[in-house]
Amino acid sequence: LMKTKKQIGNSLEDYLAGKIQIVDKYARRTKASGASTELGDTYNKYFITSCKKRNTESITVKKKEWDKLLSEIPIGSKKIPTYVLENKSEDRFIVMNLDTFFQRFANVLNNVD
């Protein structure tokens with residue numbers, strides 16, 4: 001049975017929500033994948049996410065999609081915008097702004113030997 005595009009996208013969103021549940025037990029896929037009043041593709045307290053599954057080996061960050069994600073973040077929000085991509089081989093990547101990465105994770109990086 002062929003999966004719909006929505007079902008294919010949902011599997012990546014469910015996978016991501018499962019990973020985030022390690023640090024936020026309430027993480028889940030948003031209702032209507034961000035098309036409702038909930039922001040992004042996963043509901044959690046740390047990230048606003050956009051998930052994209054590609055049917056190619058290469059992945060690209062589409063500037064228009066990144067800008068759309070940034071425009072959805074409420075003023076004053078501390079949530080980190082992240083763009084999650086999966087390629088044809090089911091390799092998964094998370095993309096975020098470099099400055100944001102170092103601002104948010106400098107304390108973690110300083111504790112790595």
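Strands are DSSP runs of E with at least two residues, helices are runs of H or I with at least four, and both are numbered from the N terminus. The model shown in these views is predicted.

**View 1. Overall layout of the chain.** The protein contains 3 helices and 5 strands. Read from the N terminus, the order of elements is α-β-β-β-α-β-β-α. Of its 113 residues, 29% count as buried. There are 6 salt bridges in the structure, some of which are shown in the views that follow.

**View 2. Salt bridge between Arg-29 and Asp-14.** The two side chains meet with an N to O distance of 2.9 Å. Arg-29 belongs to strand S1 (residues 28-29) and Asp-14 to helix H1 (residues 5-20), so this pair ties together parts that lie 15 residues apart in sequence. Arg-29 has a relative accessible area of 29%, which makes it partly exposed. Asp-14 is partly exposed as well, at 39%.

**View 3. Salt bridge between Lys-53 and Glu-86, and its network.** The closest N and O atoms of Lys-53 and Glu-86 are 2.5 Å apart. This contact links distant parts of the chain, with Lys-53 in strand S3 (residues 47-53) and Glu-86 in strand S4 (residues 80-86), 33 residues apart. Is each partner buried or partly exposed? Lys-53 has a relative accessible area of 29% and is partly exposed. Glu-86 has a relative accessibility of 2%, and because buried means under 20%, Glu-86 counts as buried. Lys-53, Glu-86 and Arg-92 are joined into one network by salt bridges that share partners.

**View 4. Salt bridge between Glu-72 and Lys-68.** The closest N and O atoms of this pair lie 2.7 Å apart. Glu-72 is partly exposed, with a relative accessibility of 23%.

**View 5. Strand S3 beside strand S4.** S3 and S4 run parallel and are joined by 7 bridges. Among the paired residues, Ile-48 has Pro-81 of S4 as its bridge partner, and Thr-49 is matched with Thr-82 of S4. Thr-49 lies in S3 and is buried, with a relative accessible area of 2%. From Thr-49 to Lys-79, the C-alpha to C-alpha distance is 9.4 Å, although the two residues are 30 apart in sequence. Of the 7 residues in S3, 5 are buried, so the strand is largely enclosed by the rest of the structure.

**View 6. The two sides of strand S4.** Which residues of S4 point one way, and which the other? Ile-80, Thr-82, Val-84 and Glu-86 point one way from the strand, while Pro-81, Tyr-83 and Leu-85 point the other way. All of these residues are buried. With 7 of its 7 residues buried, S4 is largely enclosed by the rest of the structure.

**View 7. The hairpin of strands S4 and S5.** S4 and S5 run antiparallel, with 4 bridges between them. Val-84 stands opposite Ile-94 of S5. The two strands form a hairpin with 5 residues between them. Glu-90 is located in the loop between S4 and strand S5 (92-95). Its phi is near 65 degrees, a positive value in a residue other than glycine.

**View 8. A nonpolar patch at the surface.** Ile-22, Val-23 and Tyr-46 make a nonpolar surface patch of about 310 Å². Tyr-46 sits in the loop between strand S2 (42-43) and S3. This tyrosine counts as partly exposed, with a relative accessibility of 33%.

**View 9. Helix H3, its cap and its kink.** What caps the N-terminal end of H3? Asn-97 does, with a side-chain oxygen 2.8 Å from the backbone nitrogen of Asp-99. Helix H3 (residues 98-110) also has a kink of about 55 degrees, centred on Arg-104.

Conventions
Residues numbered from 1 in each chain as written. Predicted model: local features only at pLDDT ≥ 70, side-chain atom pairs only at ≥ 80, totals over all residues. Heavy atoms only, no water. Salt bridge = Lys/Arg side-chain N within 4 Å of Asp/Glu carboxyl O. Buried < 20%, exposed > 50% of the residue type's maximum accessible area, 1.4 Å probe, protein only. Bend = angle between axes of the 7 residues up to and from the residue. Polar contact = N/O pair within 3.5 Å; in protein donor to acceptor, adjacent residues only side chain to side chain. Patch = residues over 30% accessible without salt bridge, like charges linked within 9 Å, V, L, I, M, F, W, Y side chains within 5 Å. Areas by Shrake-Rupley, 256 points an atom, 1.4 Å probe, with all protein chains shown as cover. Pairing = 2+ DSSP bridges.
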